[in-house]
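Here is a short walk through one structure, written for the bench. Have the model open beside you as you read.

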Amino acid sequence: MSNHFDVIVVGGGHAGCEAAMAAAGMGSSVLLLTPDLNGLAKMSCNPAVGGIAKGQIVREIDALGGYTGLVTDASSLQFRMLNRSKGPAMWSPRAQCDKQKFSATWLSTLLSSSKLSIYADFAADFLFENQKITAIRTTTGAIFNAEAVILTAGTFLNGKMYIGQHSFEGGRIGEKSSFGISDQLASFGIPTARMKTGTPPRIDIRSIDLSKLERQVGDANPERFSFLDVPSAVQSGASQMDCYLLHTNTKVHDILRTGFDRSPLFTGMIHGKGPRYCPSIEDKLRTFADKDSHQLFLEPEGVTSPEYYLQGFSSSLPLEVQLEAVHAIEGLENAVLFKPAYAVEYDYFDPQYLHYSLRSRIVENLFLAGQVNGTTGYEEAAAQGIMAGINANLWLSGKDPFVLRRDQAYIGVLIDDLINKGVDEPYRMFTSRAEYRILLRQDNADFRLTDLSYNIGLASKERYDAVMRKQDAVNELTSFCDNTKVRGEYVNDYLASRGSTPLSESKHLKELVSRPELSLQELLGFVPRGTKYSADADVITSVEVAIKYAGYIEREKLQADKNTRLEYIKIPSDFDFDSLSGLSIECRQKLKRYKPETIAQASHISGVSPADISVLLVYFGR
């Protein structure tokens, strides 16, 4: 093995795997440094990918040429499209996965790249020269030289775990922490703080009375994450595994409260802030003291494993309290635990000290991605990973960074939020964070991003050609809807069955599709004889959404175009903001600190008002 690489990726989690494949896919020689080859992209929390807004991110990663969607599809146990009853901006794919197969698939994916090497070890420290990393030394003494480093160490940086009053070192249970790097980077001026996350107990499904629980089944016609025409595991005939819905009760709550005086969350042992939208069960009881019940889910972790994940029951309470409380849940009276719930506290770095490329403003060849930037979730980490991998390659090549705007991708919203707003708790993506969410749907990520990725050398010709064929099919079906008329004699019975006004004269198919109660898929069965039309389901969905939501889409496009114009107004890196007396003091302080590169970036910084933006626009002659 060579000891010199263009890019070294530290950490083999979801961010690290995507970063390594992206940089290698664009031609960089890459070393992935991770302690466990069998634990790549380990699903250390819930055994699922996707969900509200997160599913959109995975589709975007796939459209860029990433692998999270493909790996998810290959290891899927169940697929559900969430929020079908709502508008298409809210539809979100989610899949349960076989966690062992997920990691194994990632390993085979990484090994398939001729530009990528893997070394099993921890990074002990960085070797520096003039504020630049020149090499990485591992805990076993190996030294690897690097032109660029991507740090994706997740919860392992100074990780400390808690179960009641017991605490011990570790990034996740059974795996040791990484020490030294945080202190090293902090000494260079990168602000470091602590955050907390946790996970619930794992339960032996054989000890559960399933008759007392509510089954949750997968979709009858499961879709997949990837836009490539590769059937997922559950599309290939594998039976979907069920999840189960259950609830806590007042007895469970009373038992949990008996351990509050020994909870590290409440005794001051844990100082890091936990995720607001994925709180521990004890946090829920404190925050929602009036609630008599909280919803929980039992989710499978593998086809051959009896281990199930008790979603919603994350905790750091003493083991005996956890066990007694679990036994008070209906159906879990005789539950056997494979693993207790625990909390983990770890270091992260202020993301406001990053460029939009995820390159550090302080250490010039260091990129950071994943939980080290203050996020939570596999999907958020993987999104940062692919962007860091892309931009490490572009930076080494002397090319402009690849940056996605807020109107182009949820990934753009994520990175913009991190850099301009910072974090004081683990950041999780929601659809509500995206002001252009009708543009950023899960069904059109390939239209939005594949061409951009293909042009920088990541997305394959296969992906690009597939998008072009899909676009041609969408244009053809759109034209068909615009030009084909339907007479009442063909369609009135169908309209009546849907509670829709019957036709007294022929109407174009497009006019009927615009009615919210009607389905394009169904209407295509009623067009005049001789002109029946068939198309793939994803093509039909794209056309139907474009017709039904045309007004909303056009409104968001106009707003996005208006804001995009600010992206082209550059701010010199050495600009003296103190010279503009019209700016507020807070604005000047923030602009000097974060050094935005464009007016658009400045407008997203907390503390920079519309009036301040007007001053900047006047100064720059706009």
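The lining of the second largest pocket is a mix of 17 nonpolar, 9 polar and 18 charged residues. This is a predicted model, and the pocket holds about 1,300 Å³ of space. To find its centre, look for Glu 223, Ala 537, Asp 538, Val 539 and Thr 541, the closest of the 44 lining residues. Three elements each give two or more residues to this lining: helix 12 (445-456), helix 13 (461-483) and helix 17 (537-548). Helix 17 gives the most, with 8 residues.

Now for the nonpolar cores. As a rule, nonpolar side chains in soluble globular proteins tend to be buried together. The table sets out the two cores described here.

| Core | Number of residues | Residues to look for |
|---|---|---|
| Largest nonpolar core | 106 residues | Leu 110, Leu 151 and Ile 411, with the most contacts inside it |
| Another core, apart from it | 27 residues | Ile 203, Ile 255, Tyr 308 and Leu 310 among them |

Helix 10 (residues 378-396) supplies 10 residues, the largest share of the largest core. Leu 110 is a good place to zoom in: beyond residues up to four places away in sequence, Leu 110 touches Cys 17, Ala 20, Met 21, Leu 32, Leu 40, Leu 116 and Ile 118.

Is Lys 590 buried or exposed? Lys 590 counts as buried because its relative accessible area is 19%, and the cut-off is under 20%. You will find Lys 590 in helix 19 (residues 585-594). Setting aside neighbours within four places in sequence, its contacts are Lys 595, Ile 605, Ser 606 and Gly 607.

Notes
Residues numbered from 1 in each chain as written. Predicted model: local features only at pLDDT ≥ 70, side-chain atom pairs only at ≥ 80, totals over all residues. Heavy atoms only, no water. Core = buried A, V, L, I, M, F, W, Y, C linked by side-chain atoms within 4.5 Å. Buried < 20%, exposed > 50% of the residue type's maximum accessible area, 1.4 Å probe, protein only. Helix = DSSP H or I, 4+ residues; strand = E, 2+ residues; numbered from the N terminus. Contact = heavy atoms within 4.5 Å. 1 Å grid on protein atoms, 1.4 Å probe; cavity = no way out; pocket = protein on both sides within 12 Å on 5 of 7 lines; lining within 4 Å. Points joined across faces, edges and corners; volume = space filled by probe spheres on them. Nonpolar A, V, L, I, M, F, W, Y, C, P; charged D, E, K, R; others polar.
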